[in-house]
Amino acid sequence: MKKLIVLLVLITSIKGVSQNTGEFFKKADAFFKTYVSNGKVAYDKLHADASDLNNVIAVAKTINVTKDNAKVYQAFWINAYNLSVIKGLIDNYPTKSPLDNAGFFDKTKHNIGGKNITLNDIEHKLLRAQFKDARFHFVLVCGAVGCPPLINKAYLPATLDSQLETQTKKAINGSFINVNEKKKRVLVSQIMEWYKGDFTMKGMTEIDFINKYRTEKLEGKYKLGYFTYNWNINKQ
């Protein structure tokens, strides 16, 4: 009888977590659809009424994900990061840049996913260190214009890999890179400078990484440089 009770408790607990995860992805998707357009966030609107943001954050606080289900784990923490950035900016609004708020990335704690953690913890410890995937840099949006654009939907476990591929290709074929064919020079976002190790894993060069996703390949020898990052807030 005791074993049956324990089993029922475990089943109920697992079912509850699953339902909460589903609710989180549903609410996150609705939130991004409502407040994000063309990669920009409606901060003025959210500042006037942050109830939708607070509601989805409240659900995110109750979620418990593990690496056993890597897609659920990654999708949850990518969305959690992007939502926490928005929450951090709204908490300091009006603001011109995330960098105008001391400790925005490395000191301010967010109560999310059953943890009390910083944005850097999410990006560097929970995602980059665990999965070694450079594509994270194209979906984690730091609240600045220089970031790859924030999409107006949630990242979902079932579609995560295709979403990672899509956003990486958009960046590599878009404003993330500026190519001068005549001078054989390519300027890229400072993201590739700051996280060079992520883009040069397994003997790959930065140009190799670019060519993996770029429609028009960079043929021959190109000199690589970096353009200055735009830290202005990505507001509508």
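Contact here means that heavy atoms lie within 4.5 Å of each other. With that in hand, let us walk through this predicted model, starting with a lysine in a short strand.

**K40 and its surroundings**

K40 belongs to strand β2, which covers residues 40-41. Setting aside residues up to four places away in sequence, K40 touches Y35, N234, K235 and Q236. There is also a long-range pairing to look at: K40 and V145 are 105 residues apart along the chain, yet their C-alpha atoms are separated by 8.4 Å. As for its surface, K40 counts as partly exposed because its relative accessibility is 31%, and the partly exposed class runs between 20% and 50%.

**Helix α4 and the nonpolar core**

Next comes the interior. Which residues touch the most other members of the largest nonpolar core? They are F24, W77 and I86, in a core of 74 residues. Helix α4 supplies the largest share of this core, with 13 residues. In soluble globular proteins, nonpolar side chains tend to be buried together.

I86 is a good place to pause. Beyond its neighbours within four places in sequence, I86 is in contact with F31, F32, V41, Y43, L46, L53 and L150.

Is S84 buried or exposed? S84 counts as buried, because its relative accessibility is 1% and the buried class lies under 20%. This serine sits in helix α4. Neighbours within four places in sequence aside, the contacts of S84 are H110, I112 and L119.

**Backbone features in the loops**

Helix α4 spans residues 70-91, and the loop between this helix and β3 (110-112) holds P94. The peptide bond joining Y93 and P94 is cis, with omega about 0°.

Two lysines also deserve a look in the viewer. K184 has a positive phi although it is a residue other than glycine, and K202, also not a glycine, has a positive phi too. The table puts their values side by side.

| Residue | Phi | Loop | Relative accessibility |
|---|---|---|---|
| K184 | near 50° | between β5 (177-180) and β6 (185-189) | 33% |
| K202 | about 55° | between α8 (196-199) and α9 (206-213) | 88% |

Why does K202 count as exposed? Its relative accessibility is 88%, and exposed means over 50%. K184, at 33%, therefore counts as partly exposed.

Terms used
Residues numbered from 1 in each chain as written. Predicted model: local features only at pLDDT ≥ 70, side-chain atom pairs only at ≥ 80, totals over all residues. Heavy atoms only, no water. Helix = DSSP H or I, 4+ residues; strand = E, 2+ residues; numbered from the N terminus. Buried < 20%, exposed > 50% of the residue type's maximum accessible area, 1.4 Å probe, protein only. Core = buried A, V, L, I, M, F, W, Y, C linked by side-chain atoms within 4.5 Å.
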